[in-house]
Amino acid sequence: MTRVGVVGAGIVGLAIARQLAQQGADVIVFEKENNAAQHQTGHNSGVVHSGIYYPPGSLKATLCRRGVGLLREFCETHDLAYREIGKVVVARNEAEVVRLHDIETRAHANGVPDVRRLDPGALREIEPHVVGAAALHSPTTAIVDFVAVSLAMASDMSRAGGELRFAAPVTHIDPVGDRLRVRAGGVEVTLDRLVICAGLQSDVVAALAGDEPGPAIVPFRGEYFRLKSEKAGIVNGLVYPVPDPAYPFLGVHITPRIDGSVDVGPNAVLATAREGYRRRDLNPADLARTLAWPGFRKLAAQHWRAGVHELRGSLSKRAFTAAAQDYVPSLRPSDLVAAPAGVRAQAVDADGSLVDDFRISTLGPVTAVRNAPSPAATSSLAIAEHVVTGLR
């Protein structure tokens, strides 16, 4: 029996471990925290993306569309809530209307069902409080609880014979012939294969296996506000902006969650710790690693104005609200209360470019998921298929 280790008990790691165990491998998941889904998965907005944004033929497009179907089926089988509330991508002006056409073209090329263009009147029929010059409606975009999904995956893995070890950070990865000796939580284990799904620490763990230093992870904290409960009905579904190709992040959007709350955000500010969910969180080693990466310095030089804009939104609730008012003018700062932040593991190449697509590297018996941004949670079961097929 092949013995496979998986580093990381986020949703991607657990999806891969589940599939390996169900196919008969002897699986051990190493997780440095005391519970599963503690970082990006546990701070996820819960959106099941339909695949409208991604370049046709990219891994993101292919695995997102495959992943949506697998995730819907998984939720039905495990009696987990899966709500198709729909999404409108709103163009504020004529320049954004042009870019909206490009998104519509991508959506059709990716096979996203039932996507249609809305004029301002049709937009008001779906979202009475939202304004825009035009919009794209994706009615099959859904929301779930990705922590609950992850825990169900962990249960499936355990029933298939897999083992989940908590408080087991991986500190050494050493080749032993054509196998590997991995030290995690002070215990050494010999493995035939290792899959690294370490999220915010993916480059650090990959380096232990001798992988290339790039892409390096640069952490960006995404700060949110939440609508007061009496304002939660101001939107019926998800309200998203048209991406700006000159801007590295998507911008503020409005996101109903599976528990009935509605989040507004996120912005994107440099985090001074890999797991820096609060402004005061500082890890000198993490910050030094970020500043030393040449790709970060090039990224900062190119997008410093955007960084200043994001910082302004971080420091001013009024400025943050103003970004949301572009889409829902009736919102007021008094309608928003602070909500938990997340940290995005943004992979950056040495030339300063943001890694957009999923990136998975192979080094002998080690497979490393080096970049798995959104829609990784949506795509998790499809990513598992892709990775496990590559291990054969």
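Two strands count as paired if DSSP finds at least two bridges between them. Keep that in mind for the first part. The model I am showing is predicted.

Start with strands β20, residues 359-363, and β21, residues 366-371. They run antiparallel, and 5 bridges join them. One of the bridge pairs is I360 with V369 of β21. Between the two strands of this hairpin there are 2 residues, and G364 takes a positive phi near 60°.

Next, two helices. At what angle do α7 and α8 pack? The angle is about 70°, and their axes are 5 Å apart. Angles of 65 to 115 degrees count as roughly perpendicular, so α7 and α8 are roughly perpendicular to each other. On the α7 side, which covers residues 284-292, the contact is made by T290, L291 and A292. From α8 come P294, F296 and R297. By class, that contact has 4 nonpolar residues, 1 polar and 1 charged.

Helix α8 turns up again in the last part, the second largest pocket. The volume of this pocket is about 490 Å³. Which residues are the closest to its centre? They are R92, G251, V252, H309 and A323, out of 24 that line the pocket. Three elements give two or more residues to the lining: α3 (94-109), α8 (294-315) and α9 (317-325). Sorted by class, the lining has 13 nonpolar, 7 charged and 4 polar residues.

To recap: β20 and β21 are antiparallel strands joined by 5 bridges, α7 and α8 are roughly perpendicular, and α8 also gives residues to the lining of the second largest pocket.

Terms used
Residues numbered from 1 in each chain as written. Predicted model: local features only at pLDDT ≥ 70, side-chain atom pairs only at ≥ 80, totals over all residues. Heavy atoms only, no water. 1 Å grid on protein atoms, 1.4 Å probe; cavity = no way out; pocket = protein on both sides within 12 Å on 5 of 7 lines; lining within 4 Å. Points joined across faces, edges and corners; volume = space filled by probe spheres on them. Helix = DSSP H or I, 4+ residues; strand = E, 2+ residues; numbered from the N terminus. Nonpolar A, V, L, I, M, F, W, Y, C, P; charged D, E, K, R; others polar. Axes fitted to C-alpha atoms, helices over the stretch in contact; angles between N-to-C directions. Parallel < 35°, antiparallel > 145°, perpendicular 65-115°, else oblique. Contact = heavy atoms within 4.5 Å.
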